[in-house]
Amino acid sequence: MTLRLTVQVQLVLQALLRDPVREMYGLELSEETGLQPGTAYPILLRLEHEGWVASRWEDIDPRAEKRPARRYYRLTAGGAAAASAALAGARRPKSTALHRLAEGGGTA
């Protein structure tokens with residue numbers, strides 16, 4: 001399966017590449033990219049299936065924290081290299097398209 005480098009995928013990869021070793025939870029990535037969770041989570045799942053992203057569940061007591069456990073995502077070493085290469089060769093959307101995408105909640 002070949003990963004399609006849509007504008008939305010590019011936004012997720014760019015957010016993850018800002019600090020490739022940092023773990024980010026899904027809603028945090030949604031907020032940073034301006035994508036709706038229903039758009040961001042399937043992208044993260046595809047990236048994980050491709051081996052570009054690894055994920056883990058947070059080890060907390062949800063009752064003590066008064067919130068559900070978060071799933072954290074980070075680029076793998078190979079994923080960071082692949083993402084950098086893919087973005088370098090990607091067709092760049094115009095900044096107005098990215099602006100509309102962010103304001104529209106994740107649909108281009």
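**Exercise 1. Decide whether K66 is buried or exposed, and say where it lies.**

Start with the cut-offs: buried means under 20% relative accessible area, exposed over 50%, and partly exposed in between, with a 1.4 Å probe and protein chains only. K66 has a relative accessible area of 75%, so it is exposed. Next, locate it: K66 lies in the loop between α4 and β3. Helices (H or I, at least four residues) and strands (E, at least two) are DSSP runs, numbered from the N terminus. Finally, check the backbone: K66 is not a glycine, yet its phi is positive, about 60°.

A word on the ground rules before going on. This is a predicted model, where local features need pLDDT of at least 70 and side-chain atom pairs count only at pLDDT 80 or more, while totals for chains, interfaces and linings use all residues. Residues are numbered from 1 along each chain as its sequence is written, and side-chain values use heavy atoms, with hydrogens and water left out.

**Exercise 2. Work out what R70 is doing in the loop between α4 and β3.**

R70 is found in that loop, where α4 is 62-65. At 24% relative accessibility, R70 counts as partly exposed. Now list its contacts (heavy atoms within 4.5 Å). Leaving aside neighbours within four places in sequence, R70 is in contact with Y25, R56, W57 and E58. Look at Y25 in particular: the charged end of R70 sits over its ring, 4.0 Å from the centre. That label requires NZ of Lys or CZ of Arg within 6 Å of the ring centre and within 35 degrees of the ring normal. For a distance check, take I60: R70 and I60 are 10 residues apart in sequence and 8.8 Å apart in space, C-alpha to C-alpha.

**Exercise 3. Find how many aromatic pairs the structure has, and characterise what you find.**

First, the criterion: rings of Phe, Tyr and Trp (its six-membered ring) pair if their centres lie within 6.5 Å; planes under 30 degrees apart count as stacked, over 60 as edge-to-face and the rest as tilted. A search of the whole structure turns up 1 aromatic pair. Y25 and Y72 make it, edge-to-face, with 5.8 Å centre to centre and 80° between the planes. Then place the partners: Y25 lies in strand β1 (residues 24-25) and Y72 in strand β3, so the pair ties together parts that are 47 residues apart in sequence. Both Y25 and Y72 are buried.

**Exercise 4. Test the length of helix α5 and sort its residues by exposure.**

The expected span of a helix is 1.5 Å times one less than its number of residues. For the 13 residues of α5 (residues 77-89) that should be 18 Å; the end C-alpha atoms are 19 Å apart, which agrees. Now pick out the buried residues of α5: G79, A80, A83 and L87. Seen down the axis, these fall within an arc of 100°, so they line one face of the helix; the arc is that of the directions from the helix axis to the C-beta atoms. Background for that pattern: an α-helix has 3.6 residues a turn, so residues three or four places apart point the same way. The face of α5 turned away from its buried side carries the exposed residues A77, A85, A88 and G89. As for partners, the buried residues of α5 pack against α1 (7-17) and β3 (71-75).

**Exercise 5. Identify which element gives the most to the largest nonpolar core.**

A nonpolar core is a set of buried Ala, Val, Leu, Ile, Met, Phe, Trp, Tyr and Cys residues joined through side-chain atoms within 4.5 Å. The largest one has 21 residues, and those with the most contacts inside it are V12, L13, L16, L29, L47, W52 and V53. Elements giving two or more residues to this core are α1, α3 (37-49), β3 and α5. The top contributor is α1, with 6 residues.

Zoom in on α1: 8 of its 11 residues are buried, so it is largely enclosed by the rest of the structure. Those buried residues are Q8, V9, Q10, L11, V12, L13, A15 and L16. Take L16: leaving aside neighbours within four places in sequence, L16 is in contact with M24, L29, L44, V53, Y73 and L75.
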